[in-house]
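Colleague: I'm new to this one. Could you walk me through it and tell me how you know each thing?

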Amino acid sequence: MADRFYCPAMPSNDQIILEGDEAKHLSRVRRLGVGDRVEVFDGKGFATVAEVIAVMRDRVELRPEGIPLPDREPPIKLTLATAVPKGDRFDWLIEKLTELGVWRLQPIITERSVVDPRGAKLDRLRRAIVEASKQCGRNRLMELERPIAWRSWLEAAKDPARLIAHPGGSPARSWPAVNAGESATLAIGPEGGFTDGEVDEAKECGWIPVSLGQTLLRIETAGIAGATLLLSNG
Ligand code: SAM
């Protein structure tokens with residue numbers, strides 16, 4: 001795959017401008033120069049090949065070919081609503097969910113949650129989504145929402161398929177079918193698990209408890225396993 005660069009404001013005229021980190025990455029890290037061809041994507045689904053026409057200190061100009069490159073989004077729009085694991089395990093989870101094609105990541109705050117990312121940390125994590133998208137060839141950035149209380153999310157989530165991962169739930173072969181073009185939400189609890197009250201409330205709101213196997217998975221393993229199972233069905 002060609003080197004890829006992120007330009008959120010893709011112009012309608014015949015020049016793309018990279019500035020800041022993206023310009024530095026092209027010229028100083030990848031050491032590309034005039035005449036080199038790269039891919040540029042806008043994070044909203046559009047990508048095209050472009051030729052470098054000028055390299056300045058913190059600015060690179062490119063001429064786009066304009067022909068859209070294939071979109072690599074999976075057929076299901078999956079929201080993963082997850083408690084936040086400690087330390088860099090959340091960074092790792094975000095990178096892997098971006099690679100898998102998860103549509104949206106919704107951090108949730110549950111009764112037993114111990115981590116609540118905000119502010120600068122969310123900005124840093126959004127940068128990690130850009131980096132993972134550059135690496136894996138994804139043209140649409142995974143959305144990263146602000147943390148929300150679990151009870152508020154129970155009422156806000158409107159996807160037809162709403163699954164809560166909980167030991168003892170339905171095995172994968174009995175999960176509701178999520179077909180291409182449909183959307184789904186999968187919720188993952190904190191290290192201490194969802195409380196019985198939280199699971200009961202979810203059931204009352206139409207959520208289905210699902211199992212991810214016989215062993216107890218850490219938050220990030222559960223998120224990746226659940227996302228893979230759902231996305232591979234679409
Ligand atoms: N002691 C906790 C319990 O029994 O729920 C373990 C929590 S686990 C470390 C973190 C979250 O991952 C759980 O709340 C659940 O959402 C998900 N999870 C982990 N293993 C699972 C499994 N085998 N089946 C379903 N969900 C699982």
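Modeller: Sure, and keep in mind that this is a predicted model. Let's start with β10 and strand β11 (residues 183-188), which run parallel and are joined by four bridges.

Colleague: What makes β10 and β11 a pair?

Modeller: Pairing takes at least two bridges between the strands. Four bridges join β10 to β11, so they pair. In that pairing, Ile164 stands opposite Ala187 in β11.

Colleague: And which way do β10 and strand β12 (residues 208-210) pair?

Modeller: In the parallel sense, again over four bridges. Here Leu163 is the residue opposite Ile208 in β12.

Colleague: What does β10 give to the shell around the ligand?

Modeller: Strand β10 (residues 161-170) gives three residues, the most to that shell. There are 18 residues around the ligand, and Ala165, Leu212, Gly213, Thr215 and Leu217 come nearest.

Colleague: Why is the pair between the ligand and Ala165 called a polar contact?

Modeller: The cut-off for N or O atoms is 3.5 Å. A ligand oxygen is 2.6 Å from a polar backbone atom of Ala165, so the pair counts. Thr215 also qualifies, because one of its polar backbone atoms is 2.7 Å from a ligand nitrogen. For His166, a backbone N or O atom lies 3.4 Å from a nitrogen of the ligand, so that is within the cut-off too.

Colleague: How much of the ligand does the protein bury?

Modeller: The protein buries 87% of the 560 Å² that the ligand exposes when taken alone. The ligand sits in the largest pocket.

Colleague: What kinds of residues make up the shell around the ligand?

Modeller: The shell has 10 nonpolar residues, seven polar and one charged.

How values were computed: Residues are numbered from 1 along each chain as its sequence is written. This is a predicted model: local features need pLDDT of at least 70, side-chain atom pairs count only at pLDDT 80 or more; totals for chains, interfaces and linings use all residues. Side-chain values use heavy atoms; hydrogens and water are left out. A residue is near a molecule or strand if one of its heavy atoms lies within 4 Å of it. A polar contact is a pair of N or O atoms within 3.5 Å; within protein, one must be able to donate a hydrogen and the other to accept it, and residues adjacent in sequence count only if both atoms are side-chain atoms. Accessible areas come from the Shrake-Rupley method with a 1.4 Å probe; for residues, only the protein chains shown count as cover. On a 1 Å grid over the protein atoms alone, a cavity is a set of points where a 1.4 Å probe fits but cannot get out, and a pocket is an open set with protein on both sides within 12 Å along at least five of seven lines; lining residues have an atom within 4 Å of a point. A molecule sits in a cavity or pocket if more than half of its atoms lie within 2 Å of its grid points. Helices (H or I, at least four residues) and strands (E, at least two) are DSSP runs, numbered from the N terminus. Ala, Val, Leu, Ile, Met, Phe, Trp, Tyr, Cys and Pro count as nonpolar, Asp, Glu, Lys and Arg as charged, and the others, Gly among them, as polar.
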